[in-house]
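Biologist: I would like a close look at one strand of this model and at how the rest of the chain is arranged around it. Please take the strand first and then work outwards.

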Amino acid sequence: MNIIKKEKVLCPLCFEEHEVSDVIVRDNQIYKEVNVTFDAIYHYCSIMDDYFEDEDLLAQNDEAMKKAYFMLNQQN
Ligand SMILES: [Zn+2]
């Protein structure tokens, strides 16, 4: 797990104020019937041991996924 940032916030997963890490995670998503692998960024709650994304990350990850899809198409 690649941690890029840590910030103390009110965590929406466990509803406690604690340090939430931003992590880079290898993610897979099916886009236009193609399995796309890309680096996504998620917030990580160590209390629930779970990942979550807000709207900013959602948009950012969506863009990263589409960029990876575009790169795949370039190679074929
Ligand atoms: Zn939490």
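How many of the 9 residues of β1 are buried?

Modeller: The number is 0, so β1 lies largely in the open. Everything that follows refers to a predicted model, and the values are computed from it.

The setting of the strand comes next. The chain has 4 strands and 1 helix, and from the N terminus on the elements run β-β-β-β-α. Along the principal axes, its C-alpha atoms fill a box of roughly 45 × 20 × 20 Å. Burial is counted for the whole chain as well: 7% of its 76 residues count as buried. Of the contacts with a separation of 6 or more, 35% are between residues 24 or more positions apart.

The 4 strands make up an open sheet with antiparallel pairing, in the order β1-β2-β3-β4. At its edges are β1 and β4 (residues 50-52), each of which pairs on one side only. From one strand to the next the twist averages 45°.

The partner of β1 is β2. Strand β1 covers residues 2-10 and β2 covers residues 17-31, and the two pair in the antiparallel sense over 8 bridges. Two positions show the register: Asn 2 of β1 is opposite Ile 24 in β2, and Leu 10 is opposite Glu 17 in β2. The hairpin of these strands has 6 residues between them, and Phe 15 takes a positive phi near 60° there. As a general point, side chains in a regular strand alternate between the two faces of the sheet.

Going one strand further, β2 pairs with β3 (residues 34-45), again in the antiparallel sense, over 11 bridges. Val 23 has Tyr 42 as its bridge partner in β3, while the partner of Asp 22 in β3 is His 43. This hairpin has 2 residues between its strands, and Lys 32 in the turn has a positive phi of about 50°.

His 43 also leads to the other edge of the sheet, since it stands opposite Phe 52 in β4. A second pair there is Tyr 44 with Tyr 51 in β4. In total, β3 and β4 pair in the antiparallel sense over 3 bridges. Their hairpin has 4 residues between the strands, with Asp 49 at a positive phi near 50°.

The helix is the remaining element. It packs on the sheet and touches β2 and β3, with its direction at about 155° to that of β3. The length of α1 can be checked: at 1.5 Å a residue its 21 residues should span 30 Å, and the end C-alpha atoms are 31 Å apart, which agrees. Despite its packing on the sheet, α1 is hardly covered, with 0 buried residues among its 21.

One residue of the helix is worth following. Asn 61 lies in α1, which covers residues 55-75. Leaving aside residues up to four places away in sequence, Asn 61 touches Ala 40, Ile 41 and Glu 53. Its C-alpha atom is separated by 7.9 Å from that of Asp 39, a residue 22 places away along the chain. Asn 61 has 19 C-beta neighbours inside 10 Å and therefore counts as partly exposed, as 20 or more would be needed for buried.

To return to the strand in question: β1 is at an edge of the sheet and pairs on one side only. That pairing is with β2, over 8 bridges. With 0 of its 9 residues buried, β1 lies largely in the open.

Notes. Residues numbered from 1 in each chain as written. Predicted model: local features only at pLDDT ≥ 70, side-chain atom pairs only at ≥ 80, totals over all residues. Buried ≥ 20, exposed ≤ 12 C-beta atoms within 10 Å, placed from the backbone. Contact = placed C-beta atoms within 7 Å. Pairing = 2+ DSSP bridges. Expected span 1.5 Å × (residues − 1). Axes fitted to C-alpha atoms, helices over the stretch in contact; angles between N-to-C directions.
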